Amino acid sequence: MITIKNESEFRKMAVAGACVAAVHEAVVEAAQVGVTLRRLDEVAASVIRSRGCKPSFLGYQGFPAHICASPNEVVVHGIPGKYRLRSGDILSIDAGAIYEGYHGDAALTFGIGDIDEDAARLLDVTRRALWAGIDQVRVGNRVGDLGHAVEQAAAPHGYGVVRDYVGHGIGRAMHEPPQIPNYGVPGRGLRLRRGMAVCIEPMFNLGTEETRTMEDGWTVVTADGMRSAHFEHTVALTADGPTVTTVSDLLTARPVG
Ligand code: MG
């Protein structure tokens, strides 16, 4: 796992992170009823290019697109293809960008047109779980503290907390040790130190936590076909505590060190 040693390294992660945030903004705006997921991939590609970054996902273990686009029962790793968005869909977009060798990685889930109450609550709770995890990114805390905070956010709602896929360290590669599960025992696991960067990414399902992978080898769906939400940010542990790099205004944000 990377340990960010100086302002220059942090700045590169911030540029990559801001690019990911810009991808999300553009894709959310473009994601209207009737639009194909493939079109959203084109939007993402052009944002990444215009910011002088490279896509993290395209070609990663053979992945064929710039973003993962995962509607409804798709948990993660959906390939943006010919599916046309419908009112009432929920859609997860996961995006990654590289700037001068440093990565940013983030995901969000949002509604298309009018979504039902169950979906709205799932999105709200999963987003809150992400931030509960981010709040645990403190010097001396452990990986189990993060996972526990995320898991606790799901508990009152009876959501399935996906265990098959986990968060991760990030830096010069998109996926670095350690794994950051969305469950854990407080006080257990690797101790967090200043300069670490991690991706926290709760995946909550309306039904079972079980998943299966489709025949394309990528698309991960819930085993029961019920809907799923996914939120993720890249978080650097700076002198000021958790600093999210994958938000749009970070280039004017706090220094590291
Ligand atoms: Mg990730």
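Start by selecting strand S2: Ile-67, Ala-69 and Pro-71 on one side, and Cys-68 and Ser-70 on the other, are all buried, which leaves both faces covered. The model is predicted, and the stops below follow it from this strand to the metal site and back out to a helix.

**Strand S2 and its partner**

S2 covers residues 67-71, and five of its five residues are buried, so the strand is largely enclosed by the rest of the structure. In a regular strand, side chains alternate between the two faces of the sheet. Add strand S4, residues 90-99, to the selection: S2 and S4 run antiparallel and are joined by five bridges. To check the register, pick Ser-70, whose bridge partner in S4 is Ser-92.

**Cys-19 and Cys-53**

Next, show the side chains of Cys-19 and Cys-53. Is there a bond between them, or are the sulfurs too far apart? The sulfur of Cys-19 has its closest cysteine sulfur in Cys-53, at 3.9 Å, which is too far for a bond. A disulfide would require the two sulfur atoms to be within 2.5 Å, and by this rule the count comes to zero disulfides. Cys-19 is buried, at 0% relative accessibility. Cys-53 is buried too, with a relative accessible area of 9%.

**The magnesium site**

Now select the magnesium ion and its donors. Which residues coordinate the ion? They are Asp-105 (OD), His-168 (NE2), Glu-201 (OE) and Glu-232 (OE), at 2.1 to 2.4 Å. Along the chain, the donors follow the spacing D-x62-H-x32-E-x30-E. Asp-105 lies in strand S5 (residues 102-111), and Glu-201 in the loop between strand S9 (197-200) and strand S10 (203-205), so this pair ties together parts that are 96 residues apart in sequence. Asp-105 and Glu-201 are both buried.

**Strand S9**

Stay beside Glu-201 and select S9, the strand before its loop. Both faces of S9 are covered: Ala-197 and Cys-199 are buried on one side, Val-198 and Ile-200 on the other. Two pairings can be traced from here.

- Strand S7 (residues 167-169) pairs with S9 in the antiparallel sense over two bridges. The metal donor His-168 has Cys-199 as its bridge partner in S9.
- Strand S14 (residues 233-238) also pairs with S9 in the antiparallel sense, over four bridges. Here Ile-200 stands opposite His-233 of S14.

**Asn-182**

Select Asn-182, in the loop between S8 and S9. Is this residue buried or exposed? At 1% relative accessibility, Asn-182 counts as buried. A polar atom of the Asn-182 side chain lies 3.0 Å from the backbone oxygen of Glu-201. Glu-201 thus appears twice on this tour, with its side chain listed at the magnesium ion and its backbone oxygen beside Asn-182. Leaving out residues up to four places away in sequence, Asn-182 touches Gly-147, Val-150, Glu-151, Val-161, Val-162, Tyr-165, Glu-201, Pro-202 and Met-203.

**Helix H4**

Among the contacts of Asn-182 are Gly-147 and Val-150, which are also among the buried residues of helix H4. Select H4, residues 143-154. The helix has 12 residues and reaches 18 Å from its first C-alpha to its last, close to the 16 Å expected at 1.5 Å a residue. Its buried residues are Val-143, Gly-144, Asp-145, Leu-146, Gly-147, Ala-149, Val-150 and Ala-154. What do they pack against? Show helix H3 (117-134), strand S6 (160-161), strand S8 (176-180), S9 and S10 to see the packing partners.

Notes: Residues numbered from 1 in each chain as written. Predicted model: local features only at pLDDT ≥ 70, side-chain atom pairs only at ≥ 80, totals over all residues. Heavy atoms only, no water. Donors = N, O, S within 2.8 Å, 3.2 Å for Na, K, Ca; no water. Buried < 20%, exposed > 50% of the residue type's maximum accessible area, 1.4 Å probe, protein only. Expected span 1.5 Å × (residues − 1). Contact = heavy atoms within 4.5 Å. Polar contact = N/O pair within 3.5 Å; in protein donor to acceptor, adjacent residues only side chain to side chain. Pairing = 2+ DSSP bridges.
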